[in-house]
There are 2 protein chains.
Amino acid sequence: MTSNGTVKVEVGLGDRAYDILIGSGLVGRAGEEIAARLPGIRVAIVTDENVARAHLDPLTASLDKAGISSTAIVLPAGEKTKSFAHLQEVVDGVLAARLERRDAVIALGGGVIGDLTGFASGIVRRGMNFVQIPTSLLAQVDSSVGGKTGINSTHGKNLVGVFHQPRLVLADTDVLDTLPAREFRAGYAEVAKYGLIDRPDFFAWLEKNWQEVFSGGPARTEAIAQSCRAKADVVARDEFETGDRALLNLGHTFGHALEAATAYDGTRLVHGEGVAIGMALAHRFSARMNLASPDDAARVEAHLKAVGLPWRMADIPGELPDAERLLAYIAQDKKVSRGALTFILTRGIGKSFIAKDVPASEVLAFLKENHPG
Amino acid sequence: MTSNGTVKVEVGLGDRAYDILIGSGLVGRAGEEIAARLPGIRVAIVTDENVARAHLDPLTASLDKAGISSTAIVLPAGEKTKSFAHLQEVVDGVLAARLERRDAVIALGGGVIGDLTGFASGIVRRGMNFVQIPTSLLAQVDSSVGGKTGINSTHGKNLVGVFHQPRLVLADTDVLDTLPAREFRAGYAEVAKYGLIDRPDFFAWLEKNWQEVFSGGPARTEAIAQSCRAKADVVARDEFETGDRALLNLGHTFGHALEAATAYDGTRLVHGEGVAIGMALAHRFSARMNLASPDDAARVEAHLKAVGLPWRMADIPGELPDAERLLAYIAQDKKVSRGALTFILTRGIGKSFIAKDVPASEVLAFLKENHPG
């Protein structure tokens, strides 16, 4: 921790290594932090209409002060922006600004803006510098680490993209104060996920300190830093997702299926909520398969419930498709390899593992038992 | 060289290393060569209408015989196909075929199909296996090595793309027999380029043996193999084009400007012809700057003339923009760094080097002296 309370997490990826700075007031210090690492560049800022209202002027002022000229590309807010059409819009905007490879594209926003902008910066001139200023908790603890970028296709989410590492991530903890409570909670599901994957002590710390994380201050910075470190460790072991990195999908196979089953209708279920229910289901299913203790599943459910997150399918408003249809959504998920079902299952809190060849019949039976309909 | 006359060039890029096979009858052996390296996969073949007529059925039959099921995506022929719209078409086609990461996308065609398909395969699921079956001489000696992929933008050519290495390249020398003479000659310009960059003995060999290269047989295979080796050497030193790889742009700065100045009208000038004139101009300009002997420039011009390639601006049919306008096209080229003009110049045959900060005034004077108008 530096004197002003900023924490630095180094993501060790050889010549693609970069820093994540986490703390208060970083949007206002963005210009100096960028200029120190990438001297003499120009930038394009990609953001959405909502984020622009709150944070674009302070960011532009900070860049100006550091002598960095910038142009802004402001897109509509929402998941639909992760499309080919908006990808082309960003690419054309960066080229129209005549930025060169050594210049940078800044993503100022949540996961949608980060994923889209990272993809665009990865393909303009076959890869430009990329800086992330994530403005949601989810983006700060998830998409800011690992270099996965992408857009959605009619065939599914995140099916098109590249691996492109940022040169710098600035996670300003103050901007989270302006998030709706529901969105902060949804991001918290991914924080808890890191504890459940392989950091049981962190999960136990969250059980005790989650209220301080929600209210802000050093506990929030610490939770974000721990999450980034946890993800960075996994990514450093498996940058291109050929093995271990799949652990980060804990809760995501069930979660994605539920998101698809609710037609990505954010009024019913947002991504982090899907992950929350997915993690609870992964633990409960592991218990059903006699891999983990039912007590651990209950502990996960209790914590999600305590923070106000949904933890079971019955918590999703409206009707769900039946179990057979949910299984079909799971089978469509991109984590299906050679037709076999792959899940992240667990042997207990912080003991998750990659389970290949999970029998579809067991999953179907489990979905039927837990279906609210 | 193997018993059937096939030559193998290994492109050494660590865990992204791959083989280029060069020789007769490789389309008919594609199935077995692919199955040996990527067992159990399914493929999508991307090609254009012209190439499909001649080579799609033999390729499909060869894949069938090896037990590889395939689906074909047939696009219009021509440079306009390197667009966002066709990129999306290929991406959607590959996803619609439900191919997974371990499956492969095959590019069957010239540079346009190779660049577009390589890009699509590099972004579907953040990178699928990619196999190239280049059907033009240009594609066999240029785009088959190095992993550069991309599409054009309204702001310029090849401004959007990724680095994505193929898993295998099959350069079937027989398919070149069906090329129009003009297209074969245009591709030959890039063959000569490798001699001019850093292989003076190869250039001298071409001066003696070019007729055998044009008529086919072992000399053609040898010329293609030498070209692939030359390019592979440069790429292995600089995979992501941060330095030495720029040598491959010998002739391309002038060439691209002439292509742009003729509005990419292939009836007036195709890419290889632009490179031929560009190489001659680069040698003549180097002589003018007292870097190289005028005799070497004359030797380059004489060889290009002998094989029937254009070698001076006056060889381009129709009127050209004036020298000032040509300089503006050069300055727009993506190889401009921080506003300074970068050229590949030479100290003689096989002695090319990267020249930064070339004075625009000298280039302008040179263009005026050599302008046919």
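User: Let's start with the two chains. How many salt bridges does the rule find across the interface of chain A and chain B?

Analyst: Zero salt bridges turn up across the interface of chain A and chain B. Bear in mind that this is a predicted model. Polar contacts are counted separately, and there the rule finds six residue pairs between chain A and chain B, both partners at pLDDT 80 or more.

User: And which elements of chain A supply the side that touches chain B?

Analyst: Look at α3 (84-96), α4 (111-123) and β8 of chain A, each of which supplies at least two residues of that side. α3(A) gives the most, with seven residues. Sorted by class, the side of chain A that touches chain B has 15 nonpolar, 11 polar and 12 charged residues.

User: How much area do chain A and chain B bury between them?

Analyst: About 3,200 Å², with 49% of it on carbon and sulfur atoms. In residues, 38 of chain A are in contact with 38 of chain B.

User: Now inside one chain. Which domains is chain A divided into?

Analyst: Domain 1 covers 7-178 and domain 2 covers 192-370. Their C-alpha centres lie 27 Å apart. The contact takes 28 residues from domain 1 of chain A and 20 residues from domain 2 of chain A.

User: What do these domains bury between them, and on which atoms?

Analyst: Domain 1 and domain 2 of chain A bury about 2,200 Å², 62% of it on carbon and sulfur atoms. For domain 1's part, pick out Val141(A), Lys157(A) and Phe163(A): they supply 24% of the area it buries against domain 2, more than any other three residues.

User: How many salt bridges are counted between the two domains of chain A?

Analyst: Three salt bridges. To see one salt bridge, go to Asp142(A) and Lys231(A), where the closest N and O atoms are 2.7 Å apart. The domains also have seven residue pairs in polar contact, both at pLDDT 80 or more. On the domain 1 side, β1 (7-11), β2 (18-23), α5 (137-143) and β8 (156-160) of chain A each supply at least two residues. The largest share, six residues, comes from α5(A).

User: One more feature: how many aromatic pairs does the structure hold?

Analyst: There are 18 over all chains. Take Trp210(B) and Phe214(B): the ring centres are 5.4 Å apart and the planes sit at 85°, so this pair is edge-to-face. Both residues lie in helix α7 (residues 200-215) of chain B, four residues apart, about one turn of the helix.

Methods
Residues are numbered from 1 along each chain as its sequence is written. Chains are lettered from A and ligands numbered from 1 in the order in which they are written. This is a predicted model: local features need pLDDT of at least 70, side-chain atom pairs count only at pLDDT 80 or more; totals for chains, interfaces and linings use all residues. Side-chain values use heavy atoms; hydrogens and water are left out. Domain bounds come from an automatic or database domain assignment. Contact means heavy atoms within 4.5 Å. Buried area is the accessible area (1.4 Å probe) that two parts lose on being put together, summed over both. A salt bridge is a side-chain nitrogen of Lys or Arg within 4 Å of a carboxyl oxygen of Asp or Glu. A polar contact is a pair of N or O atoms within 3.5 Å; within protein, one must be able to donate a hydrogen and the other to accept it, and residues adjacent in sequence count only if both atoms are side-chain atoms. Rings of Phe, Tyr and Trp (its six-membered ring) pair if their centres lie within 6.5 Å; planes under 30 degrees apart count as stacked, over 60 as edge-to-face and the rest as tilted. Ala, Val, Leu, Ile, Met, Phe, Trp, Tyr, Cys and Pro count as nonpolar, Asp, Glu, Lys and Arg as charged, and the others, Gly among them, as polar.
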